[in-house]
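Welcome! Take a moment to turn the structure around on your screen before reading on.

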Amino acid sequence: MAEKKKKIIKTIKIDVDKCNGCRACEVICSAFHAEPKYSGNNPARSRIRVIRDPLRDVYVPVCAGEYAVAECAGRDKYTIDEKEYDECAFCRASCPSRNDFKEPDSGLPLKCDRCEGEEEPMCVKWCLNDALTYEEREEEVEEEVKQEDLEIGLESLVDKYGLDKIMDTIARMSKKD
Ligand code: SF4
Ligand code: SF4
């Protein structure tokens, strides 16, 4: 039987009705994760993206989740309070069907890390409309084997360039002085 351990679950609650699409969350997230920190900002590098459709008053902030190798087959529509949302609007995956949650230069997947080390996520701090709220709770969970970030990055490179090309590149690099 798998062992149980205590885990802090970090949740960002999103109230789409309070979001006005200002994108301050995208700006601060990309600045916080810039190298060096705050050296620039580019919402395309943000781990939160605001799906915007101003004509229909639709704004959906979404934090990047896991990398998905393949796009899903379904494309459902949701109607909430008479507004129509595409299924992809709520999806957190970095997947082949869209450019969101991909590092623009390398194409590597981006994932929200809840601003590791900060007391409160930066996007929550910067959202003046209280559309984002941070919550922590403790849960007992079964010990999981976590896929390391390195493995996820390699998997996405293999998807993009093919295993042979990656192996050739590594072989070539290892021959260099
Ligand atoms: S900062 Fe808040 S209101 Fe502005 S886009 Fe992000 S979630 Fe929406
Ligand atoms: S919690 Fe931090 S990493 Fe995640 S979306 Fe917000 S600012 Fe970006």
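Here is a short tour of two ligands and one cysteine in this predicted model.

## Ligand 1 and its surroundings

Let us start with ligand 1, which takes up the space of the largest cavity. How many residues surround ligand 1? There are 13, and the closest are Cys 19, Cys 22, Arg 23, Cys 25 and Cys 127.

Sorted by class, this shell holds 9 nonpolar, 3 polar and 1 charged residues.

## Ligand 2 and its surroundings

Next comes ligand 2, whose space is the second largest cavity. Around ligand 2 you can find four cysteines to click on: Cys 29, Cys 112, Cys 115 and Cys 123. The other residues there are Ile 12, His 33, Arg 47, Ile 48, Asp 113, Arg 114 and Pro 121.

The shell around ligand 2 divides into 7 nonpolar, 1 polar and 3 charged residues.

## A look at Cys 115

One of the residues around ligand 2 is Cys 115, so let us zoom in on it. Cys 115 belongs to the loop that runs between β5 (83–86) and α2 (122–126). Is Cys 115 buried or exposed? Its relative accessibility is 6%, and because buried means under 20%, Cys 115 counts as buried.

Which residues does Cys 115 touch, leaving out those up to four places away in sequence? They are Phe 32, His 33, Pro 121 and Met 122. Two of these, His 33 and Pro 121, also appear around ligand 2. Phe 32 is 83 residues away from Cys 115 along the chain, yet their C-alpha atoms are separated by 8.1 Å.

Conventions: Residues numbered from 1 in each chain as written. Chains lettered and ligands numbered in written order. Predicted model: local features only at pLDDT ≥ 70, side-chain atom pairs only at ≥ 80, totals over all residues. Heavy atoms only, no water. Near = heavy atom within 4 Å. 1 Å grid on protein atoms, 1.4 Å probe; cavity = no way out; pocket = protein on both sides within 12 Å on 5 of 7 lines; lining within 4 Å. Sits in = over half its atoms within 2 Å of the grid points. Nonpolar A, V, L, I, M, F, W, Y, C, P; charged D, E, K, R; others polar. Helix = DSSP H or I, 4+ residues; strand = E, 2+ residues; numbered from the N terminus. Buried < 20%, exposed > 50% of the residue type's maximum accessible area, 1.4 Å probe, protein only. Contact = heavy atoms within 4.5 Å.
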